[in-house]
2 protein chains.
Amino acid sequence: MGEQEGTCRVRGHPHETAACEHISRMLERISDKWTLLVVRALGNGPLRFNALKREVGGVSQKMLASTLRGLEENGFVLRTVTQDMPPMVEYALTDLGRDFGNPVQTFADWVIRNSERIEASRAAYAERRSVR
Amino acid sequence: MGEQEGTCRVRGHPHETAACEHISRMLERISDKWTLLVVRALGNGPLRFNALKREVGGVSQKMLASTLRGLEENGFVLRTVTQDMPPMVEYALTDLGRDFGNPVQTFADWVIRNSERIEASRAAYAERRSVR
DNA sequence: CGGGATCCTTATCGATACTG
DNA sequence: CAGTATCGATAAGGATCCCG
């Protein structure tokens, strides 16, 4: 492993702000296939592991488990065990997690508003590639 | 957080909301190590390939090339060849690419504002883990 | 039911070499 | 200068088994 001290330029030259460093780190943490989908799924209220798995759809238990651990680590999700046998575990958004939903929603809204332009660009690009 | 109706499922699974689908796809496209750093680097104006490489720092030519192709495909970046020998290629943000900076900035601002809480959560989590 | 441990497949990425 | 092509290391992810 041996991860070096974080710089904005992830592995190269230092300099640049601490801000960049934070953003870059956060992006690496949440920019996987499932994190935001899980946050959205929990937006309607707490869910148990398998209910959440069903709700998100297409996620393996391994990935859901590790995604949840990541969210827990960031303080976005609270894990509560209410029973021991059989295990009964509920996941809920924390205040921070709910608050996090706002910038995510802003991003989501932008994507929705611009999805046609983006898809058009991609179609045009594919066109250019195949013609050329 | 404003919700759409319907269950959010990932591609290839039933009952996906179109919105969720778009968001999920966009996230997959931009959520790599370099895309946002390149967008930021181009925020100050057009740059040539190697200048951009220097500016971003730590990126391999392979990753920079493929990142740029992705951005070009989405319509965020315009590639302009002004000379043939030696090649002289400039990359610049399009209007869409610049506009894209806004939601990203919103996200970035949130991260900055909350980075202490997040880091505190992570420290607490690490603590719990080691003590436990 | 929740989720750790293991194995195995696949996608990512970096380094290197080569071209117009 | 601005890339493409190829190769090998390694990390991410899925499938399966098992245990509390």
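This passage describes the interface between chain A and chain B, the boundary between the two domains of chain A, and the setting of E72(B) in a predicted model.

In the predicted model, 54 residues of chain B are in contact with 56 residues of chain A, and the two chains bury about 5300 Å² between them, with carbon and sulfur atoms accounting for 65% of that area. The polar component of this interface comprises four salt bridges and, where both partners reach pLDDT 80 or more, eight residue pairs in polar contact. On the side of chain B that touches chain A, at least two residues each are supplied by helix 1 (18-30), helix 2 (35-42), helix 3 (49-56), helix 4 and helix 5 (95-131) of chain B. Of these elements, helix 5 of chain B provides the largest share of that side, amounting to 19 residues.

Two acidic residues of chain B, E72(B) and E73(B), illustrate how charged side chains are placed with respect to chain A. The side chain of E73(B) forms a salt bridge with that of R122(A), the N to O distance being 3.5 Å. E72(B), which lies in helix 4 (residues 61-74) of chain B, is buried but takes part in no salt bridge, and the nearest side chain of opposite charge, that of R128(A), is 4.2 Å away. Because a salt bridge requires a side-chain nitrogen of Lys or Arg within 4 Å of a carboxyl oxygen of Asp or Glu, the 4.2 Å separation of E72(B) from R128(A) does not qualify. When neighbours within four places in sequence are set aside, the contacts of E72(B) are with Y125(A) and R128(A) in chain A and with V77(B) and R79(B) in chain B.

Within chain A, the domain assignment gives domain 1 (1-31) and domain 2 (32-131), and the contact between them takes four residues from domain 1 and seven residues from domain 2. The area buried between these domains of chain A is about 430 Å², of which 59% is given by carbon and sulfur atoms. M26(A), R29(A) and I30(A) together supply 83% of the area that domain 1 of chain A buries against domain 2 of chain A, more than any other three residues. Zero salt bridges are found across this interdomain interface of chain A, and the count of residue pairs in polar contact between its two domains, both residues being at pLDDT 80 or more, is likewise zero.

How values were computed
Residues are numbered from 1 along each chain as its sequence is written. Chains are lettered from A and ligands numbered from 1 in the order in which they are written. This is a predicted model: local features need pLDDT of at least 70, side-chain atom pairs count only at pLDDT 80 or more; totals for chains, interfaces and linings use all residues. Side-chain values use heavy atoms; hydrogens and water are left out. Helices (H or I, at least four residues) and strands (E, at least two) are DSSP runs, numbered from the N terminus. Buried means under 20% relative accessible area, exposed over 50%, partly exposed in between (1.4 Å probe, protein chains only). Lys and Arg count as positive and Asp and Glu as negative; His and the chain ends are not counted. Contact means heavy atoms within 4.5 Å. Domain bounds come from an automatic or database domain assignment. Buried area is the accessible area (1.4 Å probe) that two parts lose on being put together, summed over both. A polar contact is a pair of N or O atoms within 3.5 Å; within protein, one must be able to donate a hydrogen and the other to accept it, and residues adjacent in sequence count only if both atoms are side-chain atoms.
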